[in-house]
Each structure stands twice: as C-alpha cells, then as structure tokens.
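Here are some exercises to help you find your way around a new structure. Try each task with the model on screen before you read the solution.

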Amino acid sequence: MTEALQHTTYQPVTRTSLSAIPQVERLDRSLRETIEVVSAVFPFRTNAYVVDHLIDWDKVPDDPIYQLTFPQRGMLSDTDYRTVSSLIRRGAPAAELRATVNAIRLRHNPHPAGQLTHNVPELDGEPLPGLQHKYPETVLFFPSRGQTCHAYCSYCFRWAQFVGMPDLKFAAKEVDGLVRYLRVHPEVSDVLFTGGDPMIMKTRALREYIEPLLRPDLGHVQTIRIGTKALAYWPQRFVTDEDADDLLRLFEKIIRSGRHVAIMGHYSHPRELSTPVAQRAIARLRAIGCEIRMQAPIIRHVNDSARAWASLWRQGVKLGLVPYYMFVSRDTGPKNYFEVPLAESYTIFRKAYSQVSGLGRTVRGPVMSATPGKVLINGVTQIGGQRVFVLSFLQGRDPDWVKRPFFAHYDPAATWLFDLKPAFGAPEQFFDPDATYAPIWR
Ligand SMILES: *Cc1c(COP(=O)(O)O)cnc(C)c1O
Ligand code: SF4
C-alpha cells in the first residue's frame, strides 16, 4: 500500500497532499496540472486501496477507475479551465480563487431536483431533517455522521449538499425522530441508510442508529438497507478494519431479530469485484445472511460499454450478488463529460442483458430517479410510423402510475426525462421538471 496514505484512509487527498501518491508524481506534467486545476473546483478524495489495487496506472488517463475517482480535464469547459489554471499559476489570493471556484460550481447545478429538500417528512408539524419519504414503503435516512465517502466518484456532486452540514454530535436526537416517525407509519417496510456512505461510520456510531430500529413495536420494519460504495472503495471495512467483526455482529443482530439486511452495493465496474479483499468482504457478509444487490449509474469513460456491464453482472452473480439497477446519472456536476444519452444507455443495457443468464436479469434499467418517480426506459420501438421511447414507472409519487407504459418521441440526444417530449398523449407533466404531479390516468 502507498505508505503515506496508509493512515489517512479517511482523510481526503487534497491538492497539497497529492504528492503523497507516488503514482501521481510519476504522471506527466499535463496530467498533474489537470488534477491540480480541476480538483480546485471539484474536490476529490481517494485512498490507498483505490490507488494501489483498482487503478491500472499503465492505462491512465483512460483507465476506468482513474476516470471514476480522479479529476479529469473534460470536467471543466476550456474557459473555466484556463481561468482557474491562470489563477493558480500566478498564486492568486485564496479569496479570489474561492470566489471564482464557487461561481463555477454554482453553474454546475450542485443541488439537483431538490434532493434533500423535497420529500422531507413532518411529525407533529415539525420537519424531520435527514429523512426522506417519497414512496410509501421505503424511508431514506441520511445519518449526519455518514455524509462523506471513502473516495469521491468524479461524477458525483452529492457531497456539495453536505458541505457545511452541521455534524450533529448526538445521533440519539436523529434516531429519536426516525423512530417516532416509523411508529406512526406502519406502511414503511424498508429503512434505507444512505449518504454519502453510511459505512464511513465506525460500528459504534452505526449501532446507535440501528439498534433502536429493532424494537418490537417497529415490527413492520422488515428490511434494513444500507447503500454503500465501501464494498468497492474500501472492502477492508468488512474484513480487516478494527471494528469489522463488530460490524458483522451488528448485522447478525438485525438478522436474528427476524429482519433482512440488504446491502445496496454501488459497483461501477467489474474490476471492483476482482481483488481478493473485495471478494472476501462479499463472502463474509453473505456467510452471516446479508444479501448484496448491485447498482450504479452508467457513466461515460467508466462503464459505457455492454462488455463492462455484462462482465459486472456475470462476476457479481458468480459471487452471489443480485444485479438490481442500472441508473442514468443525474443532471449535476460535470455532467457533460460523464453523461450517456438515454438511447445509447438503453442499447448498452439491452446488449449486456442479452448476454447474461436469467440470474443476472434481475437487473432493471436504464432507470432515471426523477422528481415524479423512478422512470424505466423499457425500449425504443416504432408505432404507427413513429419512433418512440417506451417508458414506465418502477416507483411513482402516486403508486397508481407504476407499471403503466407511456411514450415519448425518440430523441437520440436526450439525456434526461425533461429532454423528452410526450408522444401519443402521454401525461405531459411527467416530462416537466416543475410539475406538481396531480393524479392522472383516471
Ligand atoms: C430508489 C429509491 C427508493 C427505493 O426504491 P426501490 O425500488 O424499493 O429500491 C426509495 N426512495 C427513493 C427516493 C429512491 O430513489
Ligand atoms: S459513493 Fe455515492 S455519494 Fe459517494 S461519491 Fe460516489 S456517487 Fe457520490
């Protein structure tokens, strides 16, 4: 392992600590400059495992994991790149650099679709921050201490919404809100811990959040889901970290209470499944009865090929994982560099899907997690001489929308739901980012 990083696993590699990575020191000057300039705008974070075991440095900059975790030239426009680069080169005052960088960030939609402000539930007239309840059966919980990640995905701007978020020292208060909310919402069967990455937390902290959910009066909570990238970026969390065994014991305790532990593993590329420690982490979780499902967005330069997805699902099934979702990435951050049009995503999905056995075909995609719900691109077809996308809801704000096909004009360049135009009288408001979503199809 990279010596200098070994003890700083949970620390971001900042621009000044980049020299701690020998592989970066050996890159040519222009790549090093790119990292320095782009990371001033899009902070990045990595760790020794990603650097030493996942990235193939002979293939840099095209290596998919390098693209996934290191800042790339294409993430900034030429103008923005030149502006930031010249500020850094002439040693501009920190305040000036900060102002420029903030202006650029604001132009990159750091808070897409009101992620954390919509769907925040209330209890006795008080909003419960850290909770999101969009679909009746599932509550999302964002523990305040799980709001960062082991490494940042370069396409992700999620960290932006947590910067400056107060670090509540006492999980108890948050958990109290969650428990009181669940007690009066018997329709909730799933509690999904998300972030950031909840597995950034020590087991001790996680236990404070989870144990209160195992009370007998919360018997309707059947499944604890944990959304995590740690299986890919820091599988040591489940194997060699000092509290890895305690973590497994905590999961066992959930299972003994009669509940299901569903690990929603964020896997972007088959290489993330290839190392002995990654496979060991999976085996340990499965041995105690956790199920691991795989999900990730389709990202240009990282996994924009049927070969990568088919291999990911095949390797996953071999290790006992369940392929779950292929997402379309949201309209945020350096989107232009990473986006894959819906039509192309569908073609890649179809090609990959047709190459795996039925056990891999549990996967759904491509899926847009949009304001009205989770919209699935079922296909592209020709109806009455018109080329159309066939869409449907996997999850809807109104459960009555689910599983009803609707249509949009085919547009090979469209990258998100609101780029599409309804066809054959499809409900227009589904395509409108500002719609209020009254019930339809009556
Ligand atoms: C995806 C998602 C869920 C969970 O949906 P499932 O289809 O049950 O996996 C819950 N809440 C939100 C906001 C989501 O995006
Ligand atoms: S793991 Fe998820 S939240 Fe964390 S950086 Fe990657 S995409 Fe963002």
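**Exercise 1.** Work out which hand the crossing of H12 and H14 has, and how the two helices are oriented to each other.

*Solution.* Start with a reminder: this is a predicted model.
- Step 1: find helix H12 at residues 306-318 and helix H14 at residues 342-353. Their axes come within 8 Å and cross at roughly 45 degrees.
- Step 2: put a word to that angle. Angles under 35 degrees count as roughly parallel, and 65 to 115 as roughly perpendicular. H12 and H14 are therefore oblique to each other.
- Step 3: the hand. H12 and H14 cross in a right-handed way.
- Step 4: see who meets whom. From H12 come Ala306, Trp309, Ala310 and Trp313, and they meet Ile348, Phe349, Lys351, Ala352 and Tyr353 of H14. Sorted by class, the contact of H12 with H14 has eight nonpolar residues, one charged and no polar ones.

**Exercise 2.** Place isoleucine 377 in the fold and decide whether isoleucine 377 is buried or exposed.

*Solution.*
- Step 1: look along strand E11, residues 373-383, where isoleucine 377 lies.
- Step 2: check the accessibility. Buried means under 20%, so isoleucine 377, at 1% relative accessibility, counts as buried.
- Step 3: list its partners. Setting aside neighbours within four places in sequence, isoleucine 377 is in contact with Leu342, Tyr346, Gly365, Pro366, Met368, Phe389, Val390 and Leu391.
- Step 4: link back to Exercise 1. Between the C-alpha atoms of isoleucine 377 and phenylalanine 349 there are 10.0 Å, with the two residues 28 apart along the chain.

**Exercise 3.** Find the largest nonpolar core and name the residues with the most contacts inside it.

*Solution.*
- Step 1: the largest nonpolar core has 106 residues, and Phe70, Phe251 and Tyr267 have the most contacts inside it.
- Step 2: ask where its members come from. Helix H2 (residues 29-41) gives the largest share of this core, six residues.
- Step 3: there's a second, separate core of 23 residues, which includes Tyr346, Ile377, Trp401 and Ala435.
- Step 4: zoom in on tyrosine 267. Leaving out neighbours within four places in sequence, its contacts include Lys229, Leu231, Glu272, Ile292, Met294 and Leu321.

**Exercise 4.** Track down the cis peptide bond at proline 61 and the one at glycine 196.

*Solution.*
- Step 1: go to the loop between helix H3 (48-54) and helix H4 (64-69), where proline 61 is found. The peptide bond from valine 60 to proline 61 is cis, and its omega is near 10 degrees.
- Step 2: now move to the loop between E5 and helix H8 (203-210), home of glycine 196. Glycine 195 and glycine 196 are joined by a cis peptide bond with omega about 10 degrees.

**Exercise 5.** Say where aspartate 124 and phenylalanine 424 sit, and check their phi values.

*Solution.*
- Step 1: aspartate 124 is in the loop between strand E1 (122-123) and strand E2 (126-127). Its phi is positive, about 50 degrees, although aspartate 124 is not a glycine.
- Step 2: exposed means over 50%, so aspartate 124, with a relative accessible area of 71%, is exposed.
- Step 3: phenylalanine 424 lies in the segment after strand E14 (422-423), and its phi is also positive, near 50 degrees. At 42% relative accessibility, phenylalanine 424 counts as partly exposed.

How values were computed:
Residues numbered from 1 in each chain as written. Chains lettered and ligands numbered in written order. Predicted model: local features only at pLDDT ≥ 70, side-chain atom pairs only at ≥ 80, totals over all residues. Heavy atoms only, no water. Core = buried A, V, L, I, M, F, W, Y, C linked by side-chain atoms within 4.5 Å. Buried < 20%, exposed > 50% of the residue type's maximum accessible area, 1.4 Å probe, protein only. Helix = DSSP H or I, 4+ residues; strand = E, 2+ residues; numbered from the N terminus. Contact = heavy atoms within 4.5 Å. Axes fitted to C-alpha atoms, helices over the stretch in contact; angles between N-to-C directions. Parallel < 35°, antiparallel > 145°, perpendicular 65-115°, else oblique. Left-handed = near helix turned anticlockwise from the far one by under 90°. Nonpolar A, V, L, I, M, F, W, Y, C, P; charged D, E, K, R; others polar.
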